[in-house]
Amino acid sequence: MPFSQSRSTAIPLLLAGLLPLGAHAEFIDDGKATLTLRNFYYNHDLRDSTSPAQSKIEEWAQGFIFKAQSGYTGTPVALGLDVYAGLGLKLDSSPDRSGSALLPGAYKRVGAPRNADPRSADEYSEATGSVKLKVSKTELKVGGLFPKIPLVYAGDSRLLPQFFEGAMLDINEIEHFSFSLGQMHQVNYREFSGLRPMQTGNYFNVTSDRFNYLGGTWTPSSSLSLGVWAGRLEDVYEQKLYTGTHYVDVGRWRLGGTLNYLDSKESGSALAGDLDSRMISGLLSAALGYQKWTLGYQYNAGDSALPFLHDTDLPGVSNAIQVLRFDRAGERSWQARYDIDFAGVGIPGLSAFARYVRGDDFQVNGQAGKEWERNIDISYVIQSGPLKDLALRWRNVEIHGDVTGRRDENRVILSYSFALK
């Protein structure tokens with residue numbers, strides 16, 4: 001069975017054995033652990049494919065996700081541990097339908113080409129852990145990380161989550177202000193088993209072993225947040241993100257707005273060449289009771305596509321959605337979205353949204369290009385009985401584009417989490 005274990009796993013285990021006995025009370029009593037079962041069916045119909053080898057991607061897999069977080073010791077520098085382990089099992093696949101990113105290739109190894117083997121592994125596993133240290137409201141984590149910051153938002157849209165290896169420092173000593181800095185130097189991708197250099201999205205032949213970031217957020221009230229972030233993937237690109245979100249209540253309505261500006265250019269040796277991506281994006285929303293309407297706009301004013309850490313989500317832009325990112329050089333895109341919580345009409349646990357994004361004004365072989373993506377997303381969480389808290393989600397996508405052609409995609413996800421402590 002292919003197995004990947006972060007080098008940092010041994011550090012938390014060693015630390016646990018060295019803790020003074022008197023420090024174990026809070027360390028254990030304040031801890032929590034969960035086991036999540038995730039059953040994932042993925043079907044992607046490549047409707048315009050001319051390849052005789054593959055006309056669709058279709059796989060089915062079962063995932064087991066264990067996460068444990070300790071409390072902190074009562075020592076002057078409080079110590080704690082976080083542990084993660086994941087197991088993926090193939091339920092259905094074949095060489096002519098693989099490539100869903102649910103499962104790694106059967107003989108995938110670090111440094112091998114991404115599609116070196118069309119077969120998917122029958123099973124794979126991974127594990128990591130991190131040491132955390134806390135003084136007052138400042139926390140340092142070293143080891144396996146699941147960052148959720150604007151420039152690095154670890155992806156969790158397949159069977160097992162993506163994680164990084166590095167260090168993160170979060171500082172919350174000043175009221176209304178939070179600061180964060182850190183470094184990542186390896187990544188475990190969602191469709192691989194094993195740590196490897198970080199790959200650059202949109203420039204897949206480029207990797208680096210160091211991403212540094214620094215940022216801060218000012219939150220003077222629960223309705224206003226302003227942030228500034230900077231990051232650099234060594235010898236590839238550097239970015240600056242300016243972001244703000246504001247909400248205001250007008251009668252029974254809650255109106256909201258988010259504005260982002262993400263400026264990216266080459267860094268150091270410029271392994272991906274000269275880069276110029278200046279992404280402006282924004283969202284306007286209006287919520288009333290159990291319904292919400294959202295409009296979005298995004299424009300890449302630069303001459304190159306957006307560089308980013310591969311497989312991460314992109315919260316710093318508004319129109320990076322389920323499949324497309326609408327981040328090509330010169331591309332403009334518009335979004336319309338509708339959300340509904342059916343608890344408001346007497347069906348608690350059922351929610352859904354529909355979303356449409358259209359992009360244009362980018363170049364394809366010297367001609368003006370266009371593309372669009374439509375999403376329908378329905379979720380239901382069972383509210384009572386022996387299957388209480390079992391969650392079912394159906395995600396449906398239709399894509400038309402001058403680069404992508406026509407595609408249809410369906411994802412069906414069943415998940416259930418057990419609280420082990």
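User: What makes the contact between the side chains of R278 and D276 a salt bridge?

Analyst: Their N to O distance is 2.9 Å. The term asks for a side-chain nitrogen of Lys or Arg within 4 Å of a carboxyl oxygen of Asp or Glu, so this pair fits. Keep in mind that this is a predicted model: local features need pLDDT of at least 70, side-chain atom pairs count only at pLDDT 80 or more, and totals for chains, interfaces and linings use all residues. Residues are numbered from 1 along each chain as its sequence is written, and side-chain values use heavy atoms, with hydrogens and water left out.

User: Why would side chains of opposite charge pair at all?

Analyst: They can do so when their charged atoms come close. By the salt-bridge rule, the count here comes to 23.

User: Why is D339 called buried?

Analyst: Buried means under 20% relative accessible area, exposed over 50%, and partly exposed in between (1.4 Å probe, protein chains only). D339 has 17% relative accessibility, so it counts as buried. Its salt-bridge partner is R337, with the closest N and O atoms 2.8 Å apart. R337, at 23%, counts as partly exposed.

User: And why is S384 called exposed?

Analyst: Its relative accessibility is 52%, so S384 lands in the exposed class. You'll find S384 in the loop between β22 (367-381) and β23 (391-401); strands here are DSSP runs of E, at least two residues, numbered from the N terminus.

User: How do you know that R406 and D48 form a salt bridge?

Analyst: The closest N and O atoms of R406 and D48 are 3.1 Å apart, so the pair meets the rule. This one links distant parts of the chain: R406 is in strand β24 (residues 405-419), D48 is in the loop between β2 (32-46) and β3 (56-69), and the two positions lie 358 residues apart. R406 is partly exposed at 34%, and D48 is partly exposed at 37%.

User: What makes β11 and β19 a pair of strands?

Analyst: Two strands pair if DSSP finds at least two bridges between them. Strand β11 (residues 198-201) and β19 have 2 bridges, in the antiparallel sense, so they qualify. On the residue level, G201 has F308 in β19 as its bridge partner.

User: Why do β12 and β19 count as edges of their sheet?

Analyst: The open sheet has 3 strands in the order β12-β11-β19, with antiparallel pairing. β12 (203-208) and β19 (308-309) each have a single partner strand, so one side of each is left without a neighbour in the sheet.

Key: Helix = DSSP H or I, 4+ residues; strand = E, 2+ residues; numbered from the N terminus.
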